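Subject: The structure we talked about

Hi there,

Here is the structure I promised to pass on to you. Have a look at it first, and then read on for what turned up in it.

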Amino acid sequence: MPFKKLHSDIQEKLEYLEITTPTPFQKSSIPVIKSGANVFCTAPKDSGKTTTLILTTLQKLKCEAVGNAPRAVVLVENKEKAMELYDAFLAYTKHNSLRVYVGYEQLHIDVQKSEIFMGVDILISTPKTMNKLFLLNGVSTSQLKIFSIDDAEFLTQNSVYTALVSITQSIKKCQFVLYSENIHPKLKRFESYFMEHSKIVSI
């Protein structure tokens, strides 16, 4: 049972939310992600991919705030998805010290830079905003441990694909986890950029 091997704070939160049994996807994917490998996770809608992303991120950060630079980055398609994921994370981080921050195109980049500088553990952003933050030295990747992409199908668009490749080139050492319903051939190409020696979990 993958839930039994998660951090005690996460187990408490799952109990509180009355989530007792992992989905087949969670059973297969959580141990592989916990191993630290780069992973392509593919499963149909409503298989528990987003919850897996949240649980494995919290596990990697040991449910506690450390330093000021983000230790986890999650990329999403747009502001709407970013806000949805932010709310989902808050349900799990309410009673621990982890700081979750959300950035998107419509929020002025200087505001984001100064707020991130105040200290953040988990940064949720869109590829274009993230790339802009990188170019303006608005975010440090020196402490980054895990970089996840939720519903990654949107990365097949050329502009965001290029933005992501550009972002990952300045990340030295980090685990990458990509979640999608299918592995599009274009997503598979990430293996030659930043998803080296990746594993595939498919349901």
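Let's begin with Asp151, which forms a salt bridge with Lys81; their closest N and O atoms are 3.9 Å apart. Asp151 sits in the loop between β5 and α7, while Lys81 belongs to helix α4 (residues 79-93), so this pair ties together parts of the chain that are 70 residues apart in sequence. Please keep in mind that this is a predicted model.

Is Asp151 buried, exposed or partly exposed? With a relative accessible area of 28%, Asp151 counts as partly exposed, because that label covers the range between 20% and 50%. Lys81 is also at 28% relative accessibility, and it counts as partly exposed.

Lys81 has another partner, too. Glu77 forms a salt bridge with Lys81, and here the closest N and O atoms are 3.8 Å apart. Glu77 is partly exposed, with a relative accessible area of 35%.

If salt bridges are new to you, the idea is simple: side chains of opposite charge can pair when their charged atoms come close. How many salt bridges does the structure hold? There are 5 of them.

One more of these is worth finding on your screen. Asp121 forms a salt bridge with Arg99, and the closest N and O atoms are 2.8 Å apart. This pair also links distant parts of the chain: Asp121 is in the loop between α5 and β4 (122-125), Arg99 is in the loop between α4 and β3 (100-102), and the two are 22 residues apart. Asp121 is buried, with a relative accessible area of 0%, whereas Arg99 is partly exposed at 25%. Salt bridges that share partners join Arg71, Arg99 and Asp121 into one network.

Now for the aromatic rings. A search of the whole structure finds 4 aromatic pairs. One of them is made by Tyr161 and Phe190, which are stacked, with 4.9 Å from centre to centre and 20 degrees between the planes. Why does this pair count as stacked? The planes are 20 degrees apart, and pairs with planes under 30 degrees apart count as stacked, so the label fits. Tyr161 lies in helix α7 (residues 158-169) and Phe190 in the loop between α8 (185-188) and β7 (199-202), so you can follow how the pair links distant parts of the chain, 29 residues apart. Both Tyr161 and Phe190 are buried.

Phe176 and Phe194 form an aromatic pair as well, but this one is tilted: 4.7 Å centre to centre, with 50 degrees between the planes. Phe176 is in strand β6 (residues 175-180) and Phe194 is in the loop between α8 and β7, so the pair ties together parts that are 18 residues apart in sequence. Both Phe176 and Phe194 are buried. These four rings do not stand by themselves: Phe147, Tyr161, Phe176, Phe190 and Phe194 form one aromatic cluster.

Next, turn to the surface. Which residues gather there in a patch of negative charge? They are Asp9, Glu12, Glu15 and Glu64. Glu15 is a good one to click on: it is placed in helix α1 (residues 8-16), and it is exposed, with a relative accessible area of 65%.

Two residues stand out for their backbone angles. Glu18 has a phi near 60 degrees, which is a positive value in a residue other than glycine. You will find Glu18 in the loop between α1 and α2 (24-34), where it is exposed, with a relative accessible area of 67%. Asn137 is not a glycine either, yet it has a positive phi of about 55 degrees. Asn137 is in the loop between α6 (127-135) and β5 (146-149), and it is exposed, with a relative accessible area of 69%.

Last comes a spot where sequence and space tell their own stories. Asp110 and Leu133 are 23 residues apart in sequence and 8.9 Å apart in space, C-alpha to C-alpha. Asp110 is placed in helix α5 (residues 109-117), and at 48% relative accessibility it counts as partly exposed.

Enjoy exploring, and write back with any questions!

Best wishes

Methods: Residues are numbered from 1 along each chain as its sequence is written. This is a predicted model: local features need pLDDT of at least 70, side-chain atom pairs count only at pLDDT 80 or more; totals for chains, interfaces and linings use all residues. Side-chain values use heavy atoms; hydrogens and water are left out. Patches are made of residues with over 30% relative accessible area and no salt bridge: like charges are joined within 9 Å, nonpolar side chains (Val, Leu, Ile, Met, Phe, Trp, Tyr) within 5 Å. Accessible areas come from the Shrake-Rupley method with a 1.4 Å probe; for residues, only the protein chains shown count as cover. A salt bridge is a side-chain nitrogen of Lys or Arg within 4 Å of a carboxyl oxygen of Asp or Glu. Lys and Arg count as positive and Asp and Glu as negative; His and the chain ends are not counted. The place of a charge is taken as NZ of Lys, CZ of Arg, CG of Asp or CD of Glu. Helices (H or I, at least four residues) and strands (E, at least two) are DSSP runs, numbered from the N terminus. Buried means under 20% relative accessible area, exposed over 50%, partly exposed in between (1.4 Å probe, protein chains only). Rings of Phe, Tyr and Trp (its six-membered ring) pair if their centres lie within 6.5 Å; planes under 30 degrees apart count as stacked, over 60 as edge-to-face and the rest as tilted.
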